[in-house]
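Colleague: I should like to learn how to read the features of a structure that is new to me. May we go through them in turn?

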Amino acid sequence: MDRCKTPGAVAEPLYTDVMSALVEQCSTGQRAQLPKMTGGRYGLSSKQFTPAMVKAAFDNAVSDSPISQFTVGINDDVSLTSLAIDSQYTLEPANTVRAIIYGWGSDGTVGASKSTIKIIGGLDGKFVQGYYDYDSKKAGSRTVSHLRFGDQPIEAPWMIESASFIGINQFNFLTKFDCLQHAEQGAKVLLNSPYDAEHVWQHLPQIVQQQLITKQLSLYVLNAMQVAAETNMGRRINTIMQTGFFMLTDILPQQDAITQIKHSIEVAYARKGQAVIEMNWNAVDQAVSAMEQVMIPETATSLISMKETITQAESSFLQNVTKEVMAMRGDLIPVSQVPCDGTFPSGTTRFDKHRQAVSVPVWNPELCIQCGNCSFICPHATIRSKIYTKDALAEAPEGFKYTDVIARGFPDTAYTIQVYAEDCMGCTLCVDACPAHSATDSSRKALQMVPAAEQWHQQAPNVEFFESLPQLPINQVDYSTVKGVQFLPPLFQFPASCAGCGETAVLKVISQLFGERLMIANATGCSSIYGGNMPTTPWTSGENGYGPAWSNSLFEDNAEFGLGYRISVDHQQQVARRLLMELADIIGPKFTQEVLNAKQTTEQECRDQRQRIDKVRQYVKGNPKAAALNSVIDAMVKRSIWIVGGDGWAYDIGSGGLDHALGTSRNINILVMDTEVYSNTGGQASKATPYAATAKFAAGGKQTFRKELGLQAISYGNVYVAQICLNANPQQALQALREAEAYDGPSLILSYSPCIAHGFDMTKARKQAKNAVYSGHWPLYRYNPSLKDHGVNPFTLDSLRPTITKAEFMKAENRFSHLYKINPEHAEAMFTQAQTIALKKWSVFEEMAQNNAESFIPELNTIQL
């Protein structure tokens, strides 16, 4: 059997090797005849290989009519080679504790499970095994931990199929997945529930109630979110649920278990300080008393069913593939349902409905000043604005909020901010960005955070109605202001990034500004994970069906990959121009010139050009050259090409390619989402990591200065360069993005992106981002070479001289403050040096801002030879 597929071959490699050896023996007389031989495939696409599958392979071998080239564990309904599997057959050792624990990505469940493995595995006479099933999304995906514990060595290289313990760390999993399918008869179930033991039964889905009764399961509830809130743990419930696991499995005496858990906490969080350790200790103590057993009735009484986000109205692919993967049934999808070319639909994160937030914002129309800050700053596109005529409200659901438009020139027009509560991550950045508050109570804002559970149901019909409202025509939108951009629909929505992510808001804004003609080359990293993961993707299309074209390249060659976009589009445009001229008599000379010379400086003008192209297709229909023209004519619509990635790519591994792309003078836009560390791979230091920051490979504080990539690019003279921070200055960020895209040449945008790897509460991301600017750590500037043609200084310094010390910024982040814990004297010296560096760099930028146009390298004028 082989764990591979060899298209076009007679059989898989191991089968052909063995068969060749046997045939050779027969041909040389060493063997009288060939033995009965079968072979097959197993484990493709990371599918597991269970004892039942092994049994199926042997049963097939001894059958009267065996399948010689079979597949096992794969439902191959195309070649019909799948073996039937006895789902009841198992070799699970009865004397082991077998636990399956369901959690959310980034909620700490996997970390707690690994900690449990270490605790028990460190005890004499105990044997452990752990396997973790999860995707690579940054947050919002489900994780499944398979843990085995026993007094004998464990040899079970397959996922648990019959569990004695089930942990469900998110209550809403009960309506999304079948969490109890692998629970054995009489197993114990621990549920993180907002309801106590007396009231939880009525909130369980009917299928869950029936499973609890039929399998005679013991159900325990623990309000981990409440314990976390009371102990200032935020959303981290891992140690709380871990405590519940030890209390129910009886692997260790209760007091011994608590002692071991607290010791592991002390080791794991030593770097975060004693305060964090004691918070976790307190949470452990409260978890013990907060757990309750639920009395199971004799009959199921619930009317609650499993939540179906993908309905019968959607495409068959979404129903038969995407829906099944989302429900953790992806391994059961038959081969016939998988598209031959691997094409998956876009815009599918709208079906996720994670319901992950503890609290979500609620809009107060009476206090709102309609500034648009909230929707602009939102990293997940879960808060949006529309203006529309009031007659559209005739069919509005009860409770749908709106108010009159404040701006002049919009009579009888209403304004609504809609929160997508089920998709919201609860990061609170929108509330922090909201400047509108009550005149009598400054703590009462136009946006206020409230418990999420009640909003999930209330806002669902409002969201559906909001999406039915017409979009404001793009020729009426002011693209130059944050207030105007709020009315542009995002074509990047609900990414599976961390709550409060500093990267995604910039991508969302780019999709709003240029989305219908956007082409993105995405380096591997956080942005490729939340941007192009399975089974759902955040990149989507607008009402007219047009949207971004996205592809992920290798880590090291993304700049060259994106440059290839530009070269390809330019070549297609050249071919299209030639064919248009050849067909001018058919199209019409005047109209041909309109297509060839169309002005495309605004999005409306680009849409007008697309309409012209549709007409051209009609004019040339039936012409022998029509097919050739149709294959390239779309390139006549101005493309907005963006090369996107993080600092690990741009400053380190892909820096040579990035420099090459900038040096070509081609019209490309490069966006570097700078977290100053390799965020996607665990926090390793990059050349963007600042002096004195701790990271992997810089445990004692980075000893070298960060690379000033912006200054390097400015030295070319003809590269547009901007350093932005959307959280600190949204308007400057918007202006830089629009200027970069409008510039007919290479551009480089360096975007400061607060990250969980920095080690601070991400609800304070805006404050920390502002302090990065105020301290001089991240000066905001724009270098626009086109201004030199008008005798104007191309360099604009958009931030003021530092108003706070660098230490004030640094001490609020663990990546810097950790130095004080391990070596206070060394930290003080490095912080002093960091302050000197910041001021010296600032003086360089300040001098550049005071120069005249002649002080900078002139643009190169092409000389025709």
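Modeller: We shall discuss a strand pair, a helix and a cavity. This is a predicted model, in which local features need pLDDT of at least 70, side-chain atom pairs count only at pLDDT 80 or more, and totals for chains, interfaces and linings use all residues. Residues are numbered from 1 along each chain as its sequence is written, and side-chain values use heavy atoms, with hydrogens and water left out.

Colleague: How many bridges join strand E1 to strand E2?

Modeller: Two strands pair if DSSP finds at least two bridges between them; strands (E, at least two residues) and helices (H or I, at least four) are DSSP runs numbered from the N terminus. Here four bridges join E1 (residues 39–42) to E2 (residues 69–72), and the two strands run parallel. Gly39 has Gln69 in E2 as its bridge partner.

Colleague: How many residues of helix H6 are buried?

Modeller: Buried means under 20% relative accessible area, with a 1.4 Å probe and protein chains only. In H6 (residues 238–249), 12 of its 12 residues are buried, including Phe245 and Phe246. Just after H6, Asp250 takes a positive phi of about 55°.

Colleague: Which helix gives the most to the lining of the largest cavity?

Modeller: On a 1 Å grid over the protein atoms alone, a cavity is a set of points where a 1.4 Å probe fits but cannot get out, and lining residues have an atom within 4 Å of a point. Helix H28 (residues 824–850) gives the most to that lining, with five residues.

Technical notes: The expected span of a helix is 1.5 Å times one less than its number of residues. Buried means under 20% relative accessible area, exposed over 50%, partly exposed in between (1.4 Å probe, protein chains only).
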